[in-house]
Structure formats: C-alpha cells, structure tokens
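Let's walk through this model together, starting from one residue in a loop and working outwards to the whole chain. Please keep the structure open beside the text.

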Amino acid sequence: MARQWLRLYLCLQVPGFCTSLLLSQTPGHILAQTNNRTEITCHMKKDQSGVYWYRWNQERQLFQFLVFSNPLGKNTYGTNISGEKFGVYRGSSRNSYNLHIHRLQASDNGTYYCTISQSSELIFGNGTRLSVVDVLPLPSKSTRAPPSKKPTRCITKSKPVDKKGCCSPFVWIPLAACALTLLLCLAAAIYRFHRLRRRLWLRVHRQ
C-alpha cells in the first residue's frame, strides 16, 4: 500500500513519471471555454478489467476519484460526482475509453489521469491537463513586414563559361598543329623565294 501511495505522489509531483508502456492519454493539454464540453481518451495495449479516472487539483492539493468504468459499460462514480457531469464511453478501438466532461467550469481545472489495476498495483497514464477559461485567446497574428511595392528589375544572369572550352586538349592540340604547319609552309616559301632571287642575281651579273 505504501508503494502505491509513493507512486501516486511521484506521479503528481514529477512530470513524466507516470508514463507507461501499458496505457497512454491524448491529448496532453486541453484549453477549453466555460460551459463547453471536452473529451479525454485513454489508450490501453491490451484488455483490462476496467479503467479508473482521477483528477488532481494542484491549487487545492486534492486528489479525487471520479469514476470507474468496466468493459460492460457500467460506471461507478465517486463521492459527489454526477453522471451528468462525467461520462465514460468505449472508444473507436477495442482498448480505448473516452472521458466526457460536460458544462465546463473553473472548478474542473486540474490534471486528469486514467488508471488501471494490474497485479494489485495502480498504473497511471501520462495525464491530461485541463484549463478552463471564460474567453479563449485569439490566435497570434504574423509579425512579418508586408512585401515591398517597389518594382523589381529583371536581372538576366549570363550563362557560365564552359570550362572545357578553349582549354580543352581536343581544341588546342589541332590548333597548335595547324599553326605549326603554317609556319613550316611559310618558312619553305621564304627559302624558295630567297633561292630564286639569288639565281636571278647571278644570271644578271654573268651577262
């Protein structure tokens, strides 16, 4: 018994301590408006003999039993707990229970836990914190500056020069060969012109 109370104390005081692989709760936090209704879902990994629902009120330091629901759908309520206020129904899946809370008031604020009993030990869900307010806060507006109306100039980007252009060996090797051929032809022409000029000079002087 002392072990169960110690686990309960840790669940209430240490966030995340009650996280279990056997069951989980969704959502983790609910912000609801007065006089509306809300719903908390408890998911279990396997069949259980039923589910307990508790509420922890941090301000009043009060841990309160709300309702127990068995697989047949019969609900057993705690002291001063009304069936018109709280209702437990089977969820869409076989191993899930939904806690419905009607006509929300500020007194409903607190952390709600779904709990199962296994091997004479209470196993708690991760908890769902419920906050009831008279007026829901408005969604925050974006603080980004409006787009500028100034006309934008169109800038055309020049295409990058192909690095394989003039530096490619497939280009400059034929060019070098052509240049060398032209030089050789030019040298041969100059040599022939020089010989012809010498012959003409010799012929003129012999006469």
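Asn35 is a good place to start: with 54% relative accessibility, Asn35 counts as exposed, because that class begins over 50%, while buried means under 20% and partly exposed lies in between (1.4 Å probe, protein chains only). Asn35 sits in the loop between E2 and E3; helices (H or I, at least four residues) and strands (E, at least two) are DSSP runs, numbered from the N terminus. Its backbone is worth a look too, since Asn35 has a positive phi of about 75° although it is not a glycine.

Before going further, a word on the source. This is a predicted model, in which local features need pLDDT of at least 70 and side-chain atom pairs count only at pLDDT 80 or more, while totals for chains, interfaces and linings use all residues. Residues are numbered from 1 along each chain as its sequence is written, and side-chain values use heavy atoms, with hydrogens and water left out.

**The partner of Asn35**

Which residue does the side chain of Asn35 meet in a polar contact? The side chain of Gln105 does, at 2.9 Å; a polar contact is a pair of N or O atoms within 3.5 Å, where, within protein, one must be able to donate a hydrogen and the other to accept it, and residues adjacent in sequence count only if both atoms are side-chain atoms. Gln105 and Asn35 are 70 residues apart in sequence, yet their C-alpha atoms are 6.4 Å apart in space. Gln105 belongs to the loop between E8 and E9. Leaving out residues up to four places away in sequence, Gln105 touches Thr34, Asn35, Lys85 and Val132, a contact being heavy atoms within 4.5 Å.

Arg103 is also found in the loop between E8 and E9, and has a positive phi of about 45° although it is not a glycine. The table sets these three loop residues side by side.

| Residue | Loop | Relative accessibility and class |
|---|---|---|
| Asn35 | between E2 and E3 | 54%, exposed |
| Arg103 | between E8 and E9 | 47%, partly exposed |
| Gln105 | between E8 and E9 | 33%, partly exposed |

One more loop deserves a stop: Pro27 lies between E1 and E2, and the peptide bond that leads to Pro27 from Thr26 is cis, with omega near -5°.

**Strands and hairpins**

An open sheet of four strands runs in the order E1-E3-E8-E7, with antiparallel pairing; two strands pair if DSSP finds at least two bridges between them. Strand E1 (23–26) and strand E7 (86–90) are at the edges with a single partner strand each, so one side of each has no neighbour in the sheet. E7 is joined to strand E8 (residues 96–101) by five bridges, the two running antiparallel. Within this pair, Tyr89 has Asn98 of E8 as its bridge partner.

Elsewhere, strand E4 (residues 51–57) and strand E5 (residues 62–69) pair in the antiparallel sense over seven bridges, with Val51 opposite Ser69 in E5. These two strands form a hairpin with four residues between them, and Gln61 in the turn has a positive phi of about 50°. E5 also pairs with strand E6 (residues 75–77), again antiparallel, over three bridges. Val67 has Tyr77 of E6 as its bridge partner. Five residues separate the strands in the hairpin of E5 and E6, where Gly73 takes a positive phi near 90°.

**The nonpolar core**

Which residues touch the most other members of the largest nonpolar core? They are Trp53, Leu99, Ile101, Tyr112 and Leu130, out of 23 residues; such a core is a set of buried Ala, Val, Leu, Ile, Met, Phe, Trp, Tyr and Cys residues joined through side-chain atoms within 4.5 Å. Among the elements that give two or more residues to this core are strand E2 (29–33), strand E3 (38–44), strand E9 (110–118) and strand E11 (128–133). Neighbours within four places in sequence aside, Ile101 has contacts that include Ile40, Phe86, Tyr112 and Leu130.

**The whole chain**

The protein has two helices and eleven strands. Of its 207 residues, 30% count as buried. Among contacts between residues at least 6 apart in sequence, 55% join residues at least 24 apart.

How far does the confidence reach? The protein averages a pLDDT of 79, and 72% of the residues score at least 70; pLDDT is the predictor's confidence in each residue, from 0 to 100. Over residues 1–6 the pLDDT is below 50, and this stretch has four contacts in the model beyond near neighbours in sequence. Where pLDDT is low, the predicted coordinates should not be read in detail.
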